[in-house]
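User: Could you take me through one part of this protein in close-up, a place where two helices meet? Some background on the whole fold would help me get my bearings as well.

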Amino acid sequence: MSQQFASDNAAGMCPEALAAFVKANETGHEDAYGVDSWTDKVCDRIREVFETDCEVFFVFNGTAANSLILAAMCQSYHAVICHEKAHIDNDECGAPGFFSGGSTLLAAQGENGKLTPDAIVELVTKRDDIHYPKAKAISLTQSTEVGTVYSIEELVAIGDVAKKHGLHVHMDGARFANALVTLGVTPAQMTWKAGVDALVLGGTKNGLPVGEAIVFFDKDLAHDFAYRLKQSGQLASKMRFISAPWLGLLENDVWLNNARHANEMAQRLYNRVKDLKDIRVMFEPQANGVFLDLDKPVREELWARGWKFYSFIGARGCRFMCSWDLQPQTVDRLCDDLEELCS
Ligand SMILES: *Cc1c(COP(=O)(O)O)cnc(C)c1O
């Protein structure tokens, strides 16, 4: 299939991840269930990258990673505060509630797909009686579901509110690297130094074959976590094939280069279409997604011409995701079509 914009997981694995995967197969037999030398090495590398002694786990996908972290943070009667566009609330089929045995999500509104301290405080302080779930965690997505990025100041402000109200902070980092290169900060600054207790470090959309890493900065939350992984069917027996490809991403800044390229493709798209007459750009693109408000005939003509993209934001919003391997020529061809249809 030709290159597309429906999701950044339409792309395959990057050569460096593939090379690490193949190499992990060439060392012969290894111990199973995550006590192999590859998994050890990747965990150490992640601790180096984050400059702290964190606990690291590997799971098959983001839904499991988010849900299991939130389950570790919440009892069944607790609630998680998230944005109304959050993946955990819209695209995980109730998994966060399921894995925690009943905790609920409290969705807040906020400009540009972002939670604000005020919106959080409003939800935390709305009720304090026994008849309403007790807020116990904040979940934020970096970069967000609408292609924007929280600044460090915004993250720190949310971290401060969390501390004040006794809430854990979970970060859904399905597109963590995209935000990192936009801000030009260190992984530590964007996480534990800003008050994040646990992170889903996204690999799949960055060039891995499969799998996300779970990083606990608050190690108390990782207590007995391995049992949760096993019980939920997320403990890979040949763990090395999920962990080893991470080495390919994390050596020589491959993960950052992949993310930077994807972000640049989004900017290339944005710059060519932002001034077209019949197009409204819905959010300032700060990562690798561009959201366009397109008239129905334009949308349908693009689909008829074979372009793939989703249109699930609001009534008319169209999402164009740029992957790590997207070619500039693909962006240009889409822009040619948009120019023809919208000027
Ligand atoms: C893609 C994505 C995930 C992970 O989804 P899975 O399909 O479960 O791997 C999580 N959060 C966000 C914001 C995403 O875009």
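Analyst: Happy to! Let's begin with the whole protein and then zoom in. This is a predicted model, and its secondary structure comes to 13 helices and eleven strands. The radius of gyration is 20 Å, close to the 20 Å that the globule rule gives for 343 residues, so the protein is as compact as a globular protein of that length. Measured out along the principal axes, the C-alpha trace spans about 60 × 60 × 30 Å. Of the 343 residues, 54% count as buried. Among contacts with a sequence separation of 6 or more, 77% join residues that lie 24 or more positions apart.

Now for the close look, at helices α6 and α7. Helix α6 covers residues 117-125 and helix α7 covers residues 152-165; their axes lie 9 Å apart and make an angle of about 20°. Angles under 35 degrees count as roughly parallel, so α6 is roughly parallel to α7. The crossing of α6 past α7 is right-handed.

Which residues make this contact? On the α6 side they are P117, I120, V121, V124 and T125, and they meet A157, I158, V161 and H165 of α7. Sorted by character, the residues of this contact are seven nonpolar, two polar and no charged.

D118 is also worth a look while you have α6 on screen, since that helix is where D118 sits. Is D118 buried or exposed? With a relative accessible area of 63%, D118 is exposed, because the cut-off for that label is over 50%. You can also use D118 to gauge the spacing to V161: the two are 43 residues apart in sequence, while their C-alpha atoms are 8.9 Å apart in space. V161, for its part, is one of the α7 residues in the contact with α6.

For a contrasting case, move along to helix α8, residues 176-183, which holds N178. Here the relative accessibility is 7%, so N178 counts as buried, the cut-off being under 20%. What does N178 touch, once its neighbours within four places in sequence are left aside? Its contacts are S143, A259, A262, N263, A287 and N288.

To put the views together: α6 and α7 run roughly parallel, and their contact includes no charged residues. D118 in α6 is exposed, whereas N178 in α8 is buried.

How values were computed:
Residues numbered from 1 in each chain as written. Predicted model: local features only at pLDDT ≥ 70, side-chain atom pairs only at ≥ 80, totals over all residues. Heavy atoms only, no water. Axes fitted to C-alpha atoms, helices over the stretch in contact; angles between N-to-C directions. Helix = DSSP H or I, 4+ residues; strand = E, 2+ residues; numbered from the N terminus. Parallel < 35°, antiparallel > 145°, perpendicular 65-115°, else oblique. Left-handed = near helix turned anticlockwise from the far one by under 90°. Contact = heavy atoms within 4.5 Å. Nonpolar A, V, L, I, M, F, W, Y, C, P; charged D, E, K, R; others polar. Rg over C-alpha atoms; globule rule 2.2 N^0.38 Å. Buried < 20%, exposed > 50% of the residue type's maximum accessible area, 1.4 Å probe, protein only.
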